[in-house]
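The following exercises are to be worked with the sequence and the three-dimensional model at hand. Each task is followed by a solution that proceeds step by step.

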Amino acid sequence: MGLRILLVATHHQKALDDQVYHTVTAIRSLVDTYDVVVVGDKIKTVIAEARRLDGVASVLKVENALLKHQLAEPVVEVLLSIYADYDMVVFPSNTTSKNILPRLAARCDISPITDVCEIMDDHRFKRPIYAGNIIETVSTKQPKKILSIRAASYSKSAQMNKEHGRIVECACPELKCGSNYKQSRMNQLDRPELTAAKIVISGGRGLGSTTDFDLIYQLADELNAAVGASRAAVDAGYVSNDYQVGQTGKIIAPDVYVAVGISGAIQHVAGMKDSRVIVAINQDADAPIFKICDYGLVGDLFEVLPKLVLHLQKRK
Ligand SMILES: Cc1cc2nc3c(=O)[nH]c(=O)nc-3n(C[C@H](O)[C@H](O)[C@H](O)COP(=O)(O)OP(=O)(O)OC[C@H]3O[C@@H](n4cnc5c(N)ncnc54)[C@H](O)[C@@H]3O)c2cc1C
């Protein structure tokens, strides 16, 4: 029998998380077909979407009110009841899986391999360490593997028109839950979300103040782009920390990343270096960001940005 892979499809109640589609591309570099498990409560639309994933054979559906918020404790009980049939359990690397995966790995006594950026074959995987400065190759002899896939390293897979995946209704095991869900508060954004946007405009300490950070929003609005920031800009209070790009912020790979007034410290670069095109605007010609950018503009951002915004407005 070929390699049996189970994809744990994380979701936000109504739809699959975007990273699931990138994880499918990673899985399909190994196998033609795989199974998906979706756990939750009242997840009809998510199941329908999972059935349209490219290459999916079966969609294992586990519904229970206690699974509604995908808390680690009940979800792991479910995964423990089904993982034995598979050689590999694969998660997209995201906040939901970062909560579930370690608990599952501990309960299965399997050493997990996280943030995989390249699947070489069924037992060798590449993953970044030291803030992305080194890519290590991990070779494992474990008969069963638990992995998470870094979305930025794989392109998004296509969604099929037809719901071809076979639904398998799975019995829910007895669930233990020592923790309780209280609330989630989503920030309401009127511009694209940082991790999903095609274009990201990021501002750094060079902006100098919350008021002047507005220049970043103006440019982002003209380009329908998301807004990001360096940690220095976040620490200075120009924006909230959910804008932070980097080792301790979001790891993103948009088509275009524009770094304005950002020096290019390794911890920042760790979060954006996989972007397809990197543009830097900085007044210091020796700033490290110019070593990794595709297009660099040496200049004062307070002169450059207003001109750029005006130019884009005129083109409309
Ligand atoms: C454990 C750890 C984790 C970290 N995680 C992160 C992380 O996730 N993300 C992150 O970003 N950082 C992170 N950092 C911090 C990181 O090391 C840098 O301090 C930070 O990225 C610097 O932000 P910056 O580039 O905005 O500021 P600076 O390094 O101060 O650079 C500001 C830049 O703006 C330019 N500038 C100033 N005025 C103008 C102007 N008028 N016009 C044009 N250019 C101008 C300057 O030339 C300079 O290059 C981390 C650090 C540590 C130790």
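Two strands are said to pair if DSSP finds at least two bridges between them. The model examined here is a predicted one.

**Exercise 1. Pairing in an open sheet**

Task: Determine the order of the strands in the sheet that contains strand 7, and state which strands stand at its edges.

Solution.
Step 1. Three strands make up this open sheet, arranged in the order 6-7-8 with antiparallel pairing.
Step 2. Strand 6 (118–119) and strand 8 (134–139) each have a single partner strand and stand at the edges, so one side of each lacks a neighbour in the sheet.
Step 3. Six bridges join strand 7 (residues 124–129) to strand 8 in the antiparallel sense.
Step 4. As a point of reference for this pairing, P128 lies opposite I135 of strand 8.

**Exercise 2. Parallel pairing**

Strands of a sheet pair through backbone hydrogen bonds, and the pairing may be parallel or antiparallel.

Task: In which sense does strand 14 pair with strand 13, and over how many bridges? Carry out the same analysis for strand 14 and strand 15.

Solution.
Step 1. Strand 13 (residues 256–260) pairs with strand 14 (residues 277–282) in the parallel sense, over five bridges.
Step 2. Within the model, Y257 can be located opposite I278 of strand 14.
Step 3. Strand 14 also pairs with strand 15 (residues 295–298); this pairing is parallel and comprises four bridges.
Step 4. Here V279 stands opposite Y295 of strand 15.

**Exercise 3. Three aspartates**

Task: Locate D109, D115 and D85, and classify each as buried, partly exposed or exposed.

Solution.
Step 1. D109 belongs to the loop that links helix 4 (95–108) to strand 5 (113–116). Its phi is near 55 degrees, a positive value in a residue other than glycine.
Step 2. The threshold for an exposed residue is a relative accessible area over 50%. D109 has a relative accessible area of 70% and is therefore exposed.
Step 3. D115 lies in strand 5. D115 likewise has a positive phi, of about 55 degrees, although it is not a glycine. With a relative accessible area of 22%, D115 is partly exposed.
Step 4. D85 occupies the loop between helix 3 (72–82) and strand 4 (88–92). Its relative accessible area is 51%, so D85 is exposed.
Step 5. D85 and R4 are separated by 81 residues in sequence, and their C-alpha atoms are 7.6 Å apart in space.

**Exercise 4. The chain as a whole**

Task: Why may the chain be described as being as compact as a globular protein of its length? Describe also its burial, its contacts and its charges.

Solution.
Step 1. The chain contains nine helices and 15 strands.
Step 2. Its radius of gyration is 21 Å, close to the 20 Å given by the globule rule for 316 residues; the chain is therefore as compact as a globular protein of that length.
Step 3. The C-alpha trace spans about 65 × 40 × 40 Å along its principal axes.
Step 4. Buried residues make up 47% of the 316 in the chain.
Step 5. Among contacts with a separation of 6 or more, 64% are between residues 24 or more positions apart.
Step 6. The exposed area of the chain is about 16000 Å², of which carbon and sulfur atoms supply 48%.
Step 7. There are 37 positive and 36 negative charges, and the mean positions of the two sets are 3 Å apart.

Methods: Residues are numbered from 1 along each chain as its sequence is written. This is a predicted model: local features need pLDDT of at least 70, side-chain atom pairs count only at pLDDT 80 or more; totals for chains, interfaces and linings use all residues. Side-chain values use heavy atoms; hydrogens and water are left out. Helices (H or I, at least four residues) and strands (E, at least two) are DSSP runs, numbered from the N terminus. The radius of gyration is taken over C-alpha atoms; the globule rule is 2.2 Å times the number of residues to the power 0.38. Buried means under 20% relative accessible area, exposed over 50%, partly exposed in between (1.4 Å probe, protein chains only). Contact means heavy atoms within 4.5 Å. Accessible areas come from the Shrake-Rupley method with a 1.4 Å probe; for residues, only the protein chains shown count as cover. Lys and Arg count as positive and Asp and Glu as negative; His and the chain ends are not counted. The place of a charge is taken as NZ of Lys, CZ of Arg, CG of Asp or CD of Glu.
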